[in-house]
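Colleague: I should like to go through this structure with you, one point at a time. Please give the reasoning behind each reply.

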Amino acid sequence: MGIYLNPGNEGFRTAIRSEIYVDKTGLIGCTNRYLNTEQKYMCVSRPRRFGKSMALKMLAAYYSCAYDSRELFEGLKIAESPGFSENLNRYDVIFLNMQQFVIRAREHGLTEYLERAVLGDICETYGNLFPKDTTILAEALEKIYAKTGKQFVFLIDEWDCVMRERQKYEDMQKQYLDFLRNLLKDQPYVALSYMTGILPVKKYGQHSALNMFWEYSMTDQSFFEEYTGFTDKEVQELCERFSMDYAEAASWYEACHGDRIKV
């Protein structure tokens with residue numbers, strides 16, 4: 001296990017052990033359906049506090065081949081799915097939290113720092129399969145795929161934090177979009193790419209580098225509606241469990257949500 005390559009399943013383990021855990025593993029059935037299809041590029045855009053990061057931890061625990069997560073999913077919805085075992089812990093997972101990279105790379109070029117960090121992780125497992133002087137992540141992954149047939153699941157949290165930076169970072173934003181396109185688009189080593197963020201994937205200036213992604217936003221949720229945020233039924237069950245008034249909880253949420261919209 002590494003920092004970026006197969007970083008571990010502790011995040012999901014912590015979630016299911018917590019006092020409040022709502023089973024959203026049905027999402028895995030959806031992502032399994034789109035593995036190695038034209039729909040394998042998925043971007044889920046939601047406001048904060050909709051469980052986007054938690055979903056990524058769950059997907060990492062399910063797909064990563066570096067550990068056995070079967071016991072973590074026992075008793076959860078996905079374990080009842082006929083295809084549960086087919087993709088369980090079958091892929092290398094590259095997990096990127098872009099907010100962390102933006103913070104750490106303020107004194108360096110973002111994409112150069114990102115590639116150097118991730119390549120360092122990948123070298124520990126696959127360093128004998130590509131030249132030691134390789135500096136481009138996509139080139140290393142191409143070599144790994146060509147020699148082993150290994151595919152990767154890419155999980156990218158807060159993909160859009162770079163795009164939310166001030167305009168003085170416009171060059172960095174363009175470079176970042178070029179990096180994502182080169183890393184992911186039409187690459188045979190990509191089994192699935194699942195990104196989350198606040199902003200939608202769209203054309204930025206003259207750039208439409210990420211047009212391969214299928215967007216699942218608040219206004220076009222498709223099947224993601226029940227897997228991002230809580231449903232009314234889930235909230236009602238939680239209120240009953242913790243002896244809370246459902247109407248009062250709904251009123252509190254709407255007030256908070258309205259404040260967020262104003263901001």
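Colleague: Is Y113 buried or exposed?

Modeller: In this predicted model, the relative accessible area of Y113 is 18%. The cut-off for a buried residue is under 20%. Y113 therefore counts as buried.

Colleague: Which other residues of α6 are buried?

Modeller: Y113 is one of a list of buried residues in helix α6. Elements that cover them include α5 (98-104), β2 (92-97), β3 (152-157), α7 (137-148) and α8 (170-184). Besides Y113, the buried residues of α6 are L110, T111, L114, E115, V118, L119, D121, I122 and Y126.

Colleague: What distance should the 17 residues of helix α6 span?

Modeller: Helix α6 runs over residues 110-126, and the reckoning uses 1.5 Å a residue. The C-alpha atoms at its ends are 24 Å apart, which agrees with the expected span. That expected span is 24 Å.

Colleague: How are the rings of F101 and Y113 arranged?

Modeller: The whole structure contains 12 aromatic pairs. For F101 and Y113, the ring centres are 6.1 Å apart and the planes stand at 70°. Planes over 60 degrees apart count as edge-to-face, so the pair of F101 and Y113 is edge-to-face.

Colleague: Which helices does that pair of F101 and Y113 tie together?

Modeller: F101 counts as buried because its relative accessibility is 1%. The two residues are 12 apart in sequence, so their pairing ties together separate parts of the chain. Those parts are helix α5, which holds F101, and helix α6, which holds Y113.

Colleague: Which side chain of opposite charge is nearest to the buried D23?

Modeller: D23 lies in the loop between α1 (10-17) and α2 (26-34), and D23 has no salt bridge although buried. A salt bridge requires a nitrogen to oxygen approach within 4 Å, whereas the nearest side chain of opposite charge is 5.3 Å away. That side chain belongs to K77.

Colleague: What does the side chain of D23 reach at 2.8 Å?

Modeller: Leaving aside neighbours within four places in sequence, D23 is in contact with L76 and K77. The side chain of D23 also makes a polar contact of 2.6 Å with the side chain of T25. At 2.8 Å, what the side chain of D23 reaches is the backbone nitrogen of K77.

Colleague: How many residues apart in sequence are the parts tied together by D92 and K150?

Modeller: The side chains of D92 and K150 meet in a salt bridge at 3.6 Å, N to O. D92 lies in strand β2 and K150 in the loop between α7 and β3. D92 is buried at 3% relative accessibility, whereas K150 is partly exposed at 27%. The parts that the pair ties together are 58 residues apart in sequence.

Colleague: Where do D178 and K174 lie?

Modeller: The side chains of D178 and K174 form a salt bridge of 3.3 Å, N to O. D178 is partly exposed at 23% relative accessible area, and K174 is partly exposed at 46%. The two residues are 4 apart, about one turn of the helix, and both lie in helix α8.

Colleague: Which residues do salt bridges that share partners join into one network?

Modeller: The structure holds 5 salt bridges, and one of them joins E10 to R13 at 3.3 Å, N to O. Both residues lie in helix α1, 3 residues apart. E10 is partly exposed at 48% relative accessibility, whereas R13 is buried at 16%. The network consists of E10, R13 and E71.

Terms used. Residues are numbered from 1 along each chain as its sequence is written. This is a predicted model: local features need pLDDT of at least 70, side-chain atom pairs count only at pLDDT 80 or more; totals for chains, interfaces and linings use all residues. Side-chain values use heavy atoms; hydrogens and water are left out. The expected span of a helix is 1.5 Å times one less than its number of residues. Buried means under 20% relative accessible area, exposed over 50%, partly exposed in between (1.4 Å probe, protein chains only). Contact means heavy atoms within 4.5 Å. Lys and Arg count as positive and Asp and Glu as negative; His and the chain ends are not counted. A polar contact is a pair of N or O atoms within 3.5 Å; within protein, one must be able to donate a hydrogen and the other to accept it, and residues adjacent in sequence count only if both atoms are side-chain atoms. Rings of Phe, Tyr and Trp (its six-membered ring) pair if their centres lie within 6.5 Å; planes under 30 degrees apart count as stacked, over 60 as edge-to-face and the rest as tilted.
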